[in-house]
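Me: Please take a close look at a single part of this model, and then place that part in its wider setting. Kindly explain each term where it is used.

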Amino acid sequence: MSARTGILRAMLLLAERDLRLAFRRPSQLCNPLVFFLVVTTLFPLSLSPQPSQLRDIAPGVLWVAALLSSLLALEALLKSDAEDGTLEQMLLSGQPLVVLVAAKTLAHWFVGGLPLVVISPLAAFALNVPGDAILVTAEGLLMGTLTLSFIGSVGAALTVGVRRSSVLLSLLVLPLAMPLLIFGARATDLAISGEVASGPLYLLGALLAFTATLAPFASAAAVRIGLE
Amino acid sequence: MLRAENLQLWRGERHVLRGLGFEVAPGELLHVAGPNGTGKTTLLRVLCGLAQPEEGEVSWRGVSVRTLGAEYFVDVGYVAHDSGLKGDLTARENLAFAAGLRCAVTPAQIDSALATLTIRDCGDLPVRALSAGQRRRVALARLLLSQATIWILDEPLTNLDTAGSSLVLGLLAQHVQSGGLALVAAHSELALAGRDVRRLELS
C-alpha cells in the first residue's frame, strides 16, 4: 500500500488537470475575453466618442462587461465533470470535497478571470480612463472576478443536476453579484474623478474574504446533493 | 464486512429499494441481478455512499458509512456506467489524476495497470478517441490503481469482447481471493473459477 495523497497535493493535481483541460480547448478560453473586448469597444461606437462622455460611462461599461463575460464561463465550472462522471469519482477519492471545489474554483478563475484583469487596462485605456484609475480598475477587477468565481461556484454546484442550466445559473448568481458591481464601479468612478478609491476597494476585499472562506463549503454541500 | 440493513429508497413516487438487507464478507462476490429498472444502479450508488437511503443503513466493519464519510470512500472503488474519464486527456493522464488523488502512483504502476488490461498501446491517446470497450478497460485500470478493498461495479462486462470479459472475471477472482469484496451488477452469469457467487435478485 502506498501513502495516501495529502490535501495540498490533491489540490495541485486537480488544478493542474483543469488547467491542462482548459488549454486543450483554447477557443473556450478565448470566448469570454473576446466578449469583454467587443462589448467595451462597442460602447464608444454606439454612443458619442467624446472623451468626457466616454470617461463618464467607463466604470459602468467595464464592470458590466467583466461581470457578464465571467458569467459566460461559469457553467463550465462543474458541468462537464458532472456529465462524464469524473465529479463522482472525485467525491469517491476520499479527499475532502471542500478542498477539491476550492481548487477547481481557483483554476477556473486562473483561466477565466485573471486574463480579464490583465487585458482590462487595454479596455480602460480605450475608454479614456486616466492612468491611476486604470490601476484601480485592475485592482478592483482582480478581487471582483475572484469573488465572482467563488459566488459562481455555489450557483454552478446548485445547478449541477439541471439540464440547460445557464439561465437558471444567471438568475441565481446575478443578484448575489450586485454588491461587486456597485462597489467596483464606484471605485473606478472615484478614481477617475481623482478621489481616493480605497473605501470601495476595501469593501471588495471584504467580500472576497467572505466568499473565499465560505463559498467552498456551500458548493461542496450542493454538489453532494446534486450528485445524489 | 459490508452490511446493508433494511434499505428503503423512493425515487419520486416509485419505491425502488424495499427493505433490502444483506451482508458481504471479505473474499465474497455478490452478483446483483434483475431486469432493467429494478434499482440495481440505485442500490450500488447507495452502497458507495453517493446516495443516502431514506431508511436503513449501510455499515462497513461495524461502523455506519454515514459516520465514516471520506474514510469509507478510500476503501471503495466504483466503476459506474459512464466511464468517469476526461475525453480531452490521454488515458495515462486520466489515470495519473484519478489514482493520484487517492494515493501516490508512479508511471510504472500506471503502465502495468494498462498492460494488465491489455491497452498499453492506447495509453497516450486521448480517451475521446478510444472505443467504448477500451474506455471501460481504462476505467477498470483506474480501479486496479485505486487499491480499494470494496469493488462496486455497474455492468462491467458491457462493451467488452469475450477476451475482455474473461479478463475482468479473472481480475474479480483474484480480488476476492486476496480478501477483497466485490459487488457486481450484471445481466450475464458471473462464473468465477473455484468460487461460489452469491446472487441477489432484485424485482
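Reply: The account below begins with one helix and then widens to its chain and to the partner chain. This is a predicted model, in which local features need pLDDT of at least 70 and side-chain atom pairs count only at pLDDT 80 or more, whereas totals for chains, interfaces and linings use all residues. Residues are numbered from 1 along each chain as its sequence is written, and chains are lettered from A, with ligands numbered from 1, in the order in which they are written.

The part in question is helix 7 of chain B, residues 162–177. Helices (H or I, at least four residues) and strands (E, at least two) are DSSP runs, numbered from the N terminus. The expected span of a helix is 1.5 Å times one less than its number of residues. For the 16 residues of helix 7 of chain B this gives 22 Å, and the C-alpha atoms at its ends are 22 Å apart, which agrees.

The buried residues of this helix are Gly164(B), Val168(B), Leu172(B), His175(B) and Val176(B). They cover an arc of only 105 degrees around the axis, so they lie on the same side of helix 7 of chain B. The arc is that of the directions from the helix axis to the C-beta atoms. An α-helix has 3.6 residues a turn, so residues three or four places apart point the same way. On the other side of helix 7 of chain B, Thr162(B) and Ala163(B) are exposed. A residue is buried if 20 or more other C-beta atoms, placed from the backbone, lie within 10 Å of its own, exposed if 12 or fewer do, and partly exposed in between.

The buried residues of helix 7 of chain B pack against strand 3 (29–33), helix 6 (132–145), strand 7 (150–154) and strand 8 (181–185) of chain B. Beyond the helix comes Gly179(B), whose phi is positive, near 95 degrees.

Chain B as a whole has 7 helices and 9 strands. Its radius of gyration is 17 Å, close to the 17 Å that the globule rule gives for 203 residues, so chain B is as compact as a globular protein of that length. That radius is taken over C-alpha atoms, and the globule rule is 2.2 Å times the number of residues to the power 0.38. Along its principal axes the C-alpha trace of chain B spans about 45 × 35 × 35 Å, and buried residues make up 45% of the chain. Two residues are in contact if their C-beta atoms, placed from the backbone, lie within 7 Å. Of the contacts in chain B with a separation of 6 or more, 69% join residues 24 or more positions apart.

The partner, chain A, has 10 helices and 0 strands. The contact between the chains takes 26 residues from chain A and 26 residues from chain B. Helix 1 and helix 5 of chain A each supply at least two residues of the side of chain A that touches chain B. The largest share of that side, 6 residues, comes from helix 1 of chain A.

One residue of chain A links these themes. Pro96(A) is placed in the loop between helix 5 (86–91) and helix 6 of chain A. Leaving aside residues up to four places away in sequence, Pro96(A) touches Ile7(A) and Ala70(B). With 15 other C-beta atoms within 10 Å, Pro96(A) is partly exposed.
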